[in-house]
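Student: I would like to go through this model slowly, asking at each step what lies behind the words that are used for it. Could we begin with the surroundings of the ligand?

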Amino acid sequence: MSKLAILGGTKLREKPFPAYNTIGKEEEEAVLRVLRSGKLSTYLGSWHDDFYGGVEVQSLEKEWATFFNSKHAISVNSATSGLYCAIGAAGINPGDEVIVSPYTMSASATAIIAYGGIPVFADVEKDLFCLDIESVEKNITNKTKAIMVVDIFGQPYNSIEINKLAKKHNLIVIEDTAQAPGAKSEGKYAGTLGDIGIFSLNYHKHIHSGEGGVIVTDNDEFAWKMRLIRNHAEAVISAKGYEDKKELNNMVGFNYRMTELEAAISREQLKKLPALLEQRISNVNFLNEKLSSLPFLSIPKVRKNSTHAYYLHSIKYDQTVTEVPRNKFVDAVKAELPPTLLREDSPVLLNYGYVKPIYLMPMYKERIAFGEHPFNLTDREYKKGDCPNCEELHFETLIVNELIRPPMSQEDLTDVYLAFEKVWKNIDQLK
Ligand SMILES: *Cc1c(COP(=O)(O)O)cnc(C)c1O
């Protein structure tokens, strides 16, 4: 018996875990190249060659499209902006319904609200955590226009069945791929499995430029509209012979433009993605093998014919074995472990659950967004019990672990395992 750190015992490890820092000489040189050129962004919000952005922006888009084997790639200043562009281009109008996962970052659903659409939350799969096909089907009405799928934690969504269902009901599939760059399903990259895919380049994601995002699509019409929405659509729409009034729909523009600096960094980051992903996968495999010896944990399952990008390592916890609630157990494991460099001020990168099911956020429960808009266009209410699988994961069984990021070594990963093992061996101290 050794006393658990949470009860005043000695921590299993004091030495911090290594920083996840993908920025190196390559990015430094790319930024200097842009700075010295004096052209930090060349976008113009009027009809002109520079409407599509500068050299770095356009090069990034070409390289991104080639890498992901997509006809178009459109850079934006965040994945959130990308989601807004996608909902706009999909023609979502006030009162239209969009089916979305409740277990995702809030922006997946807020993008729908921004266009007056009504988010309809379908439940997630118990073991794969993406939108559940049966629940999606049950939620389709004559108002449904699109499905917002999310490749949560790096797992590609059930593209075979959801795409088939979407086709049957004439729905657009928008894929939030912020957490799954490089994941694959059925031989295709996540992001290209639906009609429009959105990647994130924010600081916390696999690869980043501080802030940023890229949208991919094979559809020319969507691509054109998203490029307009990105850059003051209303001011340029007449330039392309879009006099037909109905084409003005959703052609309210924003400024979602990426700078040359971020684009130059992103070009270098994209080159690093395959190696970073390979390390993540081998780290997860190493840790999974160790953790699977513990009878109360289930290591993450991967969808058939797919590869997982492991943005987060998602483990399931069985309280009936430990007889200790998950949160208490996780707090005890965290107490054994050190912080991670560059994130010294954050708690240990291990947590119970992900984010609260989105429909439990005050905006939905109170039905207040832009004043009463758009909830005054629907009778739908949002309440506890709406998505039982999601709630069980969040409140009882899911553990998410970020301690799998490169350059975590096998020794570092072994310490993560040993912290779980120590708490398990001394579980009676928690009862
Ligand atoms: C990070 C994230 C976003 C938002 O990305 P930003 O680039 O920060 O706007 C959207 N959806 C999911 C699932 C995410 O993880």
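Tutor: By class, the shell around the ligand holds 4 nonpolar, 8 polar and 2 charged residues, where Ala, Val, Leu, Ile, Met, Phe, Trp, Tyr, Cys and Pro count as nonpolar, Asp, Glu, Lys and Arg as charged, and the others, Gly among them, as polar. This is a predicted model, in which local features need pLDDT of at least 70 and side-chain atom pairs count only at pLDDT 80 or more, while totals for chains, interfaces and linings use all residues. Residues are numbered from 1 along each chain as its sequence is written, and side-chain values use heavy atoms, with hydrogens and water left out.

Student: What makes a residue one of the 14 around the ligand, and which come nearest?

Tutor: A residue is near a molecule if one of its heavy atoms lies within 4 Å of it; of the 14 residues around the ligand, Thr-80, Asp-176, Ser-200, Asn-202 and Lys-205 come nearest.

Student: Why is the approach of the Thr-80 side chain to an oxygen atom of the ligand called a polar contact?

Tutor: A polar contact is a pair of N or O atoms within 3.5 Å. An N or O atom in the Thr-80 side chain is 2.5 Å from a ligand oxygen, and therefore this pair meets the definition. A polar side-chain atom of Ser-200 lies 2.8 Å from an oxygen atom of the ligand, and for a polar backbone atom of Ala-79 the distance to a ligand oxygen is 2.9 Å. The protein covers 93% of the 380 Å² of accessible area that the ligand has on its own, as given by the Shrake-Rupley method with a 1.4 Å probe.

Student: How do you know that β6 and β11 pair?

Tutor: Strands (DSSP runs of E, at least two residues, numbered from the N terminus) pair if DSSP finds at least two bridges between them. Strand β6 (residues 184-185) and β11 have 2 bridges in the antiparallel sense, so the definition is met; Ser-306 in β11 is the bridge partner of Ser-185.

Student: Why is one side of β7 and of β11 left without a neighbour in the sheet?

Tutor: The 3 strands form an open, antiparallel sheet in the order β7-β6-β11. Because β7 (188-189) and β11 (306-307) stand at its edges, each with a single partner strand, one side of each has no neighbour there.

Student: What makes the peptide bond from His-373 to Pro-374 noteworthy, and where does Pro-374 lie?

Tutor: That bond is cis, with omega near 0°, and Pro-374 lies in the loop between α12 (362-365) and α13 (388-397). Most peptide bonds are trans.

Key
Helices (H or I, at least four residues) and strands (E, at least two) are DSSP runs, numbered from the N terminus. A polar contact is a pair of N or O atoms within 3.5 Å; within protein, one must be able to donate a hydrogen and the other to accept it, and residues adjacent in sequence count only if both atoms are side-chain atoms.
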